[in-house]
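Me: I would like to go through this model by question and answer. Please keep the replies short and end each on the item asked for.

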Amino acid sequence: MSTSLAELGEAELLRRLATFAPPGQLDDDTACLAPDPRSLIVNTDVLVDGVHFSDNTTSADDAGWRAVAANLSDLAASGVTSVDGITVGLVAPGHTSWNWVEGVYSGISSALNQFGGVLLGGDCSAGANRLLAITALGRLGPLRLLRSDAKPGDVVVTSGAHGLSRLGLALLQREVDPATAGLNQVLQERAIQQHRRPVPRFDALHSLLQCKPSGLPWRAGGTDSSDGLIAAVQGLCRASGCGAVLQQSAIPRPNGWPQGEQWDRWCLSGGEDFELVLALPPAWARAWQSSMPGSYCLGRMTAEPDRIIWNDGSTLTLNSGYDHFQTMT
Ligand SMILES: [Mg+2]
């Protein structure tokens, strides 16, 4: 039986957590960021046991990785090109094992090692439920991506296929039988990997910055698809006062994805895909698509506020995405 946090005590817990930060970083109650002429972008995400992760589908390492990846995806989708680091607020019952906490922080460290940034600080407390609150800080590149900066006539593009994370969760929960659904092995492995170890698309942001046609200003609409692809498009429409027409033939299904209403719903609204969803001037969209082989062109922004339709004129009737409060009622 591994040591519980109650047996460890707060001082020893903090001493152990400090080993995941640079030496001396957690000695004081504040962290200091060096002066930098670039704007500082800040984002907070809260992950709750039973809502965002569960011992049935998520190892401690994966919970830590996913928490960081979700935060950094928001930074990437804002135009952040370098990550300063994160602070972590941890709440857990006293009976929680140190092994679980160690796993979470080692997943956090792996993600920071891969995408940049360090553990800058944080706090922990006993509480009824396990919870991770992460604040990420990063520096803005030349383009501030805002949902409100989409314009009518922009092309709606995304950095990758959608639905994999939802399928990964379904496979881990045995909600779907791979043989009956006709899922090939590669798709199954890709889906589980995408669910457990999502990747914030800094690579797609960098290629976007590199391929801007020289005559265009630094203006694009953008967000990520953490709450689902359609929710991302809705977010662009709502904030910018635009609508969108989407191509039914361009639904970004992963290779080997089955046909059918449920599968399209998972693709369009499954959530936790963490791809960039952008509204770009046509010339920039063309340039980005040729530098990003896995990207998809979904349709166009229109001047009709909040009206999202398919190219045959029908309205999208799909559930608009993952709603944390709806699932709790
Ligand atoms: Mg997001």
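Me: Which residue in β3 does Leu90 stand opposite?
Reply: This is a predicted model. Strand β2 covers residues 80–92, and β3 covers 118–126. The two strands pair in the parallel sense over eight bridges. Opposite Leu90 in β3 stands Cys124.

Me: What is the strand order of the open sheet of four strands?
Reply: The pairing in this sheet is mixed. Its edge strands are β1 (40–48) and β3 (118–126), and each pairs on one side only. Neighbouring strands are turned by 15° against each other on average, direction ignored. The order is β1-β4-β2-β3.

Me: How many Å separate the centres of domain 1 and domain 2?
Reply: Domain 1 spans 7–140 and domain 2 spans 147–322. The centres are taken over C-alpha atoms. Their separation is 27 Å.

Me: Which helix gives the most to the side of domain 1 that touches domain 2?
Reply: The contact takes 15 residues from domain 1 and 17 residues from domain 2. By class, the domain 1 side has seven nonpolar, five polar and three charged residues. One helix, residues 60–76, gives nine residues to that side. The helix is α3.

Me: Why does the largest nonpolar core lie between the domains, and which domains give residues to it?
Reply: The core has 84 residues. Its largest share, ten residues, comes from α3. The core lies between the domains because both give residues to it: domain 1 (7–140) and domain 2 (147–322).

Me: Which residues is Val233 in contact with, leaving aside its neighbours within four places in sequence?
Reply: Val233 is listed with Val68, Ile108, Val157 and Leu280 as touching the most other members of the largest nonpolar core. Sequence neighbours within four places are left aside here. The contacts of Val233 are then Val156, Ala244, Val277 and Ile308.

Me: Is Pro142 buried or exposed?
Reply: Pro142 sits in the loop between β4 (131–140) and β5 (155–158). A residue counts as exposed if 12 or fewer other C-beta atoms lie within 10 Å of its own. Pro142 has 10 such atoms within 10 Å, so it is exposed.

Me: Which residues does Pro142 touch, not counting those up to four places away in sequence?
Reply: Along the chain, Pro142 and Arg130 are twelve residues apart. Their C-alpha atoms are separated by 38 Å. With residues up to four places away not counted, Pro142 touches Leu209 and Trp218.

Me: Is Phe274 buried or exposed?
Reply: Phe274 lies in the loop between α10 (261–269) and β8 (276–280). Its phi is near 55°, a positive value in a residue other than glycine. The threshold for a buried residue is 20 or more other C-beta atoms within 10 Å. Phe274 has 25 C-beta neighbours inside 10 Å, so it counts as buried.

Me: What is the phi of Asp306?
Reply: Asp306 is found in the loop between β9 (296–302) and β10 (308–310). With 12 other C-beta atoms within 10 Å, Asp306 is exposed. Most residues other than glycine have a negative phi. Asp306 is not a glycine, yet its phi is positive, at about 65°.

Terms used:
Residues numbered from 1 in each chain as written. Predicted model: local features only at pLDDT ≥ 70, side-chain atom pairs only at ≥ 80, totals over all residues. Domains from an automatic or database assignment. Contact = placed C-beta atoms within 7 Å. Nonpolar A, V, L, I, M, F, W, Y, C, P; charged D, E, K, R; others polar. Pairing = 2+ DSSP bridges. Axes fitted to C-alpha atoms, helices over the stretch in contact; angles between N-to-C directions. Core = buried A, V, L, I, M, F, W, Y, C linked by C-beta atoms within 7 Å.
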